[in-house]
Amino acid sequence: DFARLDGNAYTLQLADAATPDGFPGLVDRLGLSPTQVYLLRVKRDGSSWWLLAHGQFTDANQAKAALARLPSVPGLARNWPRKIQYLQREFDPLGP
């Protein structure tokens with residue numbers, strides 16, 4: 001559960017979109033299991049927006065190293081390490 005992760009750790013934001021419809025396919029193409037990713041709904045400009053995050057890493061360098069190990073696939077865009085506490089403030093824990 002994302003709300004219970006260490007806020008001082010980092011996660012990888014793999015993608016963001018207005019709907020999460022394409023995320024399962026992206027997870028498959030990356031060779032990740034659904035248990036390795038977090039689907040987060042956040043508010044942007046008053047509307048729901050979706051983020052796909054992966055993992056929990058001690059620091060940004062560990063997160064960058066994990067990103068470098070992922071295959072390059074279509075749809076993997078706007079990805080970078082994010083401090084978990086900032087996403088925990090943004091996301092809606094109630095889901096859809």
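**Entry 1: Asp-45.** I began with the loop between S2 and strand S3 (47-57), where Asp-45 is placed. The model I am reading is a predicted one. I looked up the backbone of Asp-45 and found a positive phi of about 50 degrees, although Asp-45 is not a glycine. I noted the background for this: most residues other than glycine have a negative phi. I then checked whether Asp-45 is buried or exposed. Its relative accessibility is 84%, so Asp-45 counts as exposed, the cut-off for that class being over 50%.

**Entry 2: strand S1 and its partners.** I turned next to S1 (10-17). Of its 8 residues, 7 are buried, and I recorded the strand as mostly covered. Which strands are joined to S1 by bridges? S3 is joined to S1 by 6 bridges, and the two run antiparallel. Strand S4 (residues 80-83) is joined to S1 by 4 bridges, again in an antiparallel arrangement. For the pairing with S3, I noted that Leu-12 stands opposite His-54. For the pairing with S4, I noted that Trp-80 is the bridge partner of Gln-13.

**Entry 3: Gln-13.** I stayed with Gln-13, which is found in strand S1. Its relative accessibility is 1%, so I entered Gln-13 as buried, given that the class requires a value under 20%. I then asked which residue's side chain makes a polar contact with that of Gln-13. The partner is Arg-82, and the contact between the two side chains is 2.4 Å.

**Entry 4: aromatic pairs.** I searched for paired rings and counted 2 aromatic pairs. In one of them, Phe-2 and Tyr-38 have ring centres 5.2 Å apart and planes at 65 degrees, so I classed the pair as edge-to-face; the cut-off for that class is over 60 degrees. Phe-2 lies in the segment before S1 and Tyr-38 in strand S2 (residues 37-44), so this pair ties together parts that are 36 residues apart in sequence. I found both Phe-2 and Tyr-38 to be buried.

The rings of Phe-2 and Phe-91 have centres 5.5 Å apart and planes at 85 degrees, so this pair is edge-to-face as well. Phe-91 lies in the segment after helix H3 (84-90) and Phe-2 in the segment before S1, so the pair ties together parts that are 89 residues apart in sequence.

**Entry 5: the ring cluster.** I checked the accessibility of the two phenylalanines. Phe-2, at 3%, counts as buried, and Phe-91, at 13%, counts as buried too. I closed by recording that ring pairs link Phe-2, Tyr-38 and Phe-91 into a cluster.

Note on methods
Residues are numbered from 1 along each chain as its sequence is written. This is a predicted model: local features need pLDDT of at least 70, side-chain atom pairs count only at pLDDT 80 or more; totals for chains, interfaces and linings use all residues. Side-chain values use heavy atoms; hydrogens and water are left out. Rings of Phe, Tyr and Trp (its six-membered ring) pair if their centres lie within 6.5 Å; planes under 30 degrees apart count as stacked, over 60 as edge-to-face and the rest as tilted. Buried means under 20% relative accessible area, exposed over 50%, partly exposed in between (1.4 Å probe, protein chains only). A polar contact is a pair of N or O atoms within 3.5 Å; within protein, one must be able to donate a hydrogen and the other to accept it, and residues adjacent in sequence count only if both atoms are side-chain atoms. Two strands pair if DSSP finds at least two bridges between them.
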